[in-house]
Amino acid sequence: MKTKSLEPPLKKMIAQVLNLRNQAIALEQTYHVELKKIRPPYLQSARNLIHYLAVRQQDIREIQLELQRLGLSSLGRMEANVLATLNAVLFALQRMAGSSEQLEVTLDPQLEVTLDPQLGRLLRNHTTRILGKSPRHRAVRIMVTMPEQAATDAGLIAKFLECGMDIMRINCAHDDAITWAKMLENQRQATIQLGRSCRVVFDLAGPKLRTGLFEASAEVLKIKPARSIWTSGDQSSSLFYNHKVKCANPNSLYSSNRVTIAKLPTR
């Protein structure tokens, strides 16, 4: 039974969930060019992934707690069908709010999706296709990132497999193609030797943060406090110094004529 005391929090909740939904749709529109390149069997999953990323970019903990208080889905298991879950929550909130026009939300029919049990199965199928079948004795797969030694130590990967490794991850931000090829060869030999299957995942290196070029200046000055019979390990010394930093990058965060106070431990 609806009471007037519920109306203000319901209005707030509808606005918050609707905002999540709008952000999910907006992010999908941002990637509309990329989505056109997706093969039809994976298009729905790609859209759903974008919706999931859009929602998870927000801190939704307070929303989740309030939804739980109202007896609704807390959005904790929405990954299989994000937009439909948000729609279902919005529909429930509207029904709880009654016929109040100011709480009514109209959804775009072209973007309307409904909860479909098949989508959960689709998520599991895609997961299996990428990561392989899950082991019978546990619900998760074990992925191990290969150290450089995996290219030279043929027995190392076999040990990983014996300990339960299901997926071998190669971090392409390190080493080189020759090293990766040696890792793969050792992996093939180990799987044949043990009669085990093991997927291989190549994690491609992404963009890295780089600083600008600094002009040549005086060498680094190293300073440390001198010990004496009056100092203890719990004390620290204060160092005041003026310094000028010239950077070749005009957009650098460094400024000149800056006074810095540094606390130097005595040990």
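# A walk outward from strand E2

Five of the five residues of E2 are buried, so this strand is largely enclosed by the rest of the structure. The model is a predicted one. Strand E2 spans residues 167-171. Both of its faces are covered. On one side sit Ile167, Arg169 and Asn171, all buried. On the other side sit Met168 and Ile170, buried as well. Burial here stands for a relative accessible area under 20%.

Before going further, take in the whole chain. It has eight helices and five strands. From the N terminus on, the elements run α-α-α-α-α-α-β-α-β-α-β-β-β. The protein chain holds 267 residues, and buried residues make up 29% of them. Now look at contacts between residues with a separation of 6 or more. Of these, 66% join residues 24 or more positions apart.

Back to E2 and its sheet. Which strands flank it? The order is E1-E2-E3, in an open sheet of three strands. Pairing in this sheet is parallel. Strand E1 covers residues 143-145, and strand E3 covers 199-203. These two are the edge strands, and each pairs on one side only. Neighbouring strands are turned against each other by 25° on average, direction ignored.

The E1 side can be followed residue by residue. E1 and E2 pair in the parallel sense over three bridges. Val144 stands opposite Met168 in E2. Thr145 stands opposite Arg169 in E2. The two E2 partners point to opposite sides of the strand: Arg169 is on the side with Ile167 and Asn171, while Met168 is on the side with Ile170. Both Met168 and Arg169 are buried.

Next, add a helix to the sheet. H8 lies across E2 and E3. It runs at about 170° to E2. An angle over 145 degrees counts as roughly antiparallel, so a helix at such an angle falls in that class. The loop between E2 and H8 contains Asp175. Phi of Asp175 is near 65°, a positive value in a residue other than glycine. Asp175 is partly exposed, with a relative accessible area of 36%.

H8 also packs against another helix. H8 comprises residues 177-194, and its partner H7 comprises residues 154-162. Their axes are 8 Å apart, and the packing angle is about 50°. H7 and H8 are therefore oblique to each other. Their crossing is right-handed. Which residues make this contact? From H7 come Ala154, Ile157, Ala158, Leu161 and Glu162. From H8 come Met183, Asn186, Gln187, Ala190, Thr191 and Leu194. By class, the residues of this contact divide into seven nonpolar, three polar and one charged. Glu counts as charged, so Glu162 in H7 supplies that entry.

Met183 leads to one more stop. Gln149 is found in the loop between E1 and H7. The C-alpha atoms of Gln149 and Met183 are separated by 8.7 Å. Along the chain, these two residues are 34 residues apart. Is Gln149 buried or partly exposed? Its relative accessibility is 47%, so Gln149 counts as partly exposed.

Now move to the earlier helices. H3 takes in residues 40-56, and H5 takes in residues 82-97. Their axes come within 8 Å and cross at roughly 60°. That makes H3 oblique to H5. Asn48, His51, Tyr52 and Val55 represent H3 in this contact. Val82, Leu83 and Leu86 represent H5. The contact of H3 with H5 has five nonpolar, two polar and no charged residues.

The last stop lies on the way into H5. Leu75 has its place in the loop between H4, residues 61-69, and H5. Phi of Leu75 is near 65°, a positive value in a residue other than glycine. Is Leu75 buried or exposed? Leu75 is buried, with a relative accessible area of 0%. Compare the loop residue Asp175: its phi is also near 65°, yet Asp175 is partly exposed.

Conventions: Residues numbered from 1 in each chain as written. Predicted model: local features only at pLDDT ≥ 70, side-chain atom pairs only at ≥ 80, totals over all residues. Heavy atoms only, no water. Axes fitted to C-alpha atoms, helices over the stretch in contact; angles between N-to-C directions. Helix = DSSP H or I, 4+ residues; strand = E, 2+ residues; numbered from the N terminus. Parallel < 35°, antiparallel > 145°, perpendicular 65-115°, else oblique. Left-handed = near helix turned anticlockwise from the far one by under 90°. Contact = heavy atoms within 4.5 Å. Pairing = 2+ DSSP bridges. Buried < 20%, exposed > 50% of the residue type's maximum accessible area, 1.4 Å probe, protein only.
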